[in-house]
Amino acid sequence: MESYRPAGPGSSPASTLYDVAREAGVSTATVSRVVHGQAGVRPATRRRVLEVIEALGYVPDGAAQSLAQRRKEVIGLVAVQSRGPETDVEREGFLFLEEVLRGVERSLGDLGWSVLISSLRAPDLAGAYQRMQKIRAKVDGLVIAEGIIGPEQLALLAARVPIALIAAYHDGLHADVIGADNRSGTKAAVCHVVEQHGRTRLFYIAGPAEAPDARERRSAFEEAVAGHPGVTVAGCFEGRFAAISGQLAVREILTGPRRELPDALICGNDQTAIGAMRELQAAGIRVPADIAVVGFDDMRLSALLAPPLTTIRQPMQLLGERACSRLLQRIASPALPPRTERLPTELIIRESCGCDPSPARVPANGPDPAA
């Protein structure tokens with residue numbers, strides 16, 4: 001087989017698509033699919049084609065490709081940035097959206113595509129559909145997080161642009177959905193504080209009702225408590241997935257008699273749990289000796305608290321990576337049927353629940369997820 005070298009001063013002419021196909025031992029169609037980031041190519045074949053492209057110095061005509069494919073090589077990521085007043089927790093922590101973005105960028109890394117980020121604040125959600133209509137004209141597809149628009153608007157949008165949803169579960173699927181197993185995770189948290197630590201008065205600090213994840217976690221909390229005779233719900237606070245929600249919830253709890261305080265707080269996310277812990281400690285209430293606290297997410301900041309936070313880990317970066325990967329498949333093959341994928345969660349045991357200071361991981365659905 002004839003060998004080729006990258007084109008340059010004093011070298012052979014620039015390599016072509018046909019040169020790459022011949023050197024890699026594949027069809028030109030396969031090379032084209034690899035170049036355009038399309039599905040339908042085995043990983044080993046994709047790697048071989050990419051190696052030949054690099055060795056030959058093959059440079060596709062990006063403008064011509066984009067025009068021919070009508071591609072912009074841009075993915076849109078739309079999410080809610082903040083639902084409450086920011087504290088240092090929100091400013092310094094790696095939050096849900098930031099971790100999801102890392103996963104999206106990792107999925108796009110080998111393709112050279114870009115991400116257009118649109119972060120909506122809670123008061124702007126009424127205009128979210130109009131915002132997305134403007135964004136769709138600038139991108140090849142949209143990754144939308146946390147159920148920002150309803151099913152009717154989603155159907156209209158999906159008819160015009162490929163969509164993948166993160167943490168959003170609509171009855172009528174019009175897009176691919178990637179989410180975490182909120183139910184198993186929340187139930188694992190309840191079972192742990194009840195069965196391992198004997199806590200019987202549980203208070204729940206919920207997330208916003210418009211967020212599908214928040215609704216699932218609250219429903220799972222109520223089911224888990226109902227499954228443990230003798231355990232009661234000491235109260236519930238409607239939070240906003242923000243540290244301030246934890247603080248306000250604890251202030252409300254402390255207005256009641258001390259003898260009626262809950263002995264455990266189950267929180268909708270880690271930001272809420274951190275705010276709650278701070279407020280408890282400021283009031284002289286010991287965590288976990290007096291009140292255990294459990295979060296959800298496993299933010300990086302959670303392990304650095306005193307005491308470190310027991311929490312449910314959801315694979316935030318993987319959510320972004322899988323949603324973007326699925327979206328790229330849909331861009332390449334629009335006729336693919338919509339699919340829902342649930343990623344496993346796991347209980348991360350630290351000290352805020354009352355356990356000894358030796359971190360552990362427990363799959364949320366038991367020791368053998370395949371069982």
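Arg-313 is partly exposed, with a relative accessible area of 23%. That residue makes a good starting point for a walk through this structure, which is a predicted model.

**Arg-313 and its partners**

Which residues does Arg-313 pair with? One partner is Asp-298: the two side chains meet in a salt bridge, 2.5 Å from N to O. This pair links distant parts of the chain, since Asp-298 sits in the loop between E9 and strand E10 (310-313), Arg-313 belongs to strand E10, and 15 residues separate them. Asp-298 is buried, with a relative accessible area of 12%.

Another partner is Glu-346, whose closest O atom lies 3.6 Å from the closest N atom of Arg-313. Here too the salt bridge links distant parts of the chain: Arg-313 in strand E10 and Glu-346 in strand E12 (residues 346-349) are 33 residues apart. Add Arg-350, and you have a network of salt bridges that joins Asp-298, Arg-313, Glu-346 and Arg-350.

Why can such pairs form? Side chains of opposite charge can pair when their charged atoms come close.

**A pair within one helix**

For a salt bridge inside a single helix, look at Arg-218 and Glu-222. Both residues lie in helix H10 (residues 212-226), four residues apart, which is about one turn of the helix. Arg-218 is partly exposed, at 24% relative accessible area, and Glu-222 is partly exposed as well, at 42%.

Here are the three pairs side by side.

| Salt bridge | N to O distance |
|---|---|
| Asp-298 and Arg-313 | 2.5 Å |
| Arg-218 and Glu-222 | 3.4 Å |
| Arg-313 and Glu-346 | 3.6 Å |

Across the structure, the count comes to 17 salt bridges.

**The cavity**

Now let's turn to empty space. How many cavities of 30 Å³ or more does a search of the whole structure find? The search finds one, and the space in the largest cavity is about 30 Å³. Its lining is made up of Thr-186, Ala-189, Tyr-204, Arg-217, Ile-266, Cys-267, Gly-268, Val-294, Gly-295, Phe-296 and Ile-312. Helix H9 (182-196), strand E8 (264-267) and strand E9 (292-297) are the elements that each give two or more residues to this lining. Of these, E9 gives the most, with three residues. Sorted by class, the lining of the largest cavity holds seven nonpolar, three polar and one charged residues.

**Cysteines**

One lining residue, Cys-267, is buried, with a relative accessible area of 2%. How many disulfides does the structure hold? It holds zero. Take Cys-355, which is in no disulfide: the nearest cysteine sulfur, that of Cys-353, is 3.6 Å away. A disulfide would need the two sulfur atoms within 2.5 Å.

**Helix H12**

Is helix H12 largely enclosed or open? Ten of its 13 residues are buried, so H12 is largely enclosed by the rest of the structure. The buried residues of H12 include Asp-270, Ile-274, Met-277, Glu-279 and Leu-280. This helix covers residues 270-282 and reaches 18 Å from its first C-alpha to its last, close to the 18 Å expected at 1.5 Å a residue. After H12 comes Gly-284, whose phi is positive, near 80 degrees.

Conventions:
Residues numbered from 1 in each chain as written. Predicted model: local features only at pLDDT ≥ 70, side-chain atom pairs only at ≥ 80, totals over all residues. Heavy atoms only, no water. 1 Å grid on protein atoms, 1.4 Å probe; cavity = no way out; pocket = protein on both sides within 12 Å on 5 of 7 lines; lining within 4 Å. Points joined across faces, edges and corners; volume = space filled by probe spheres on them. Nonpolar A, V, L, I, M, F, W, Y, C, P; charged D, E, K, R; others polar. Salt bridge = Lys/Arg side-chain N within 4 Å of Asp/Glu carboxyl O. Buried < 20%, exposed > 50% of the residue type's maximum accessible area, 1.4 Å probe, protein only. Expected span 1.5 Å × (residues − 1).
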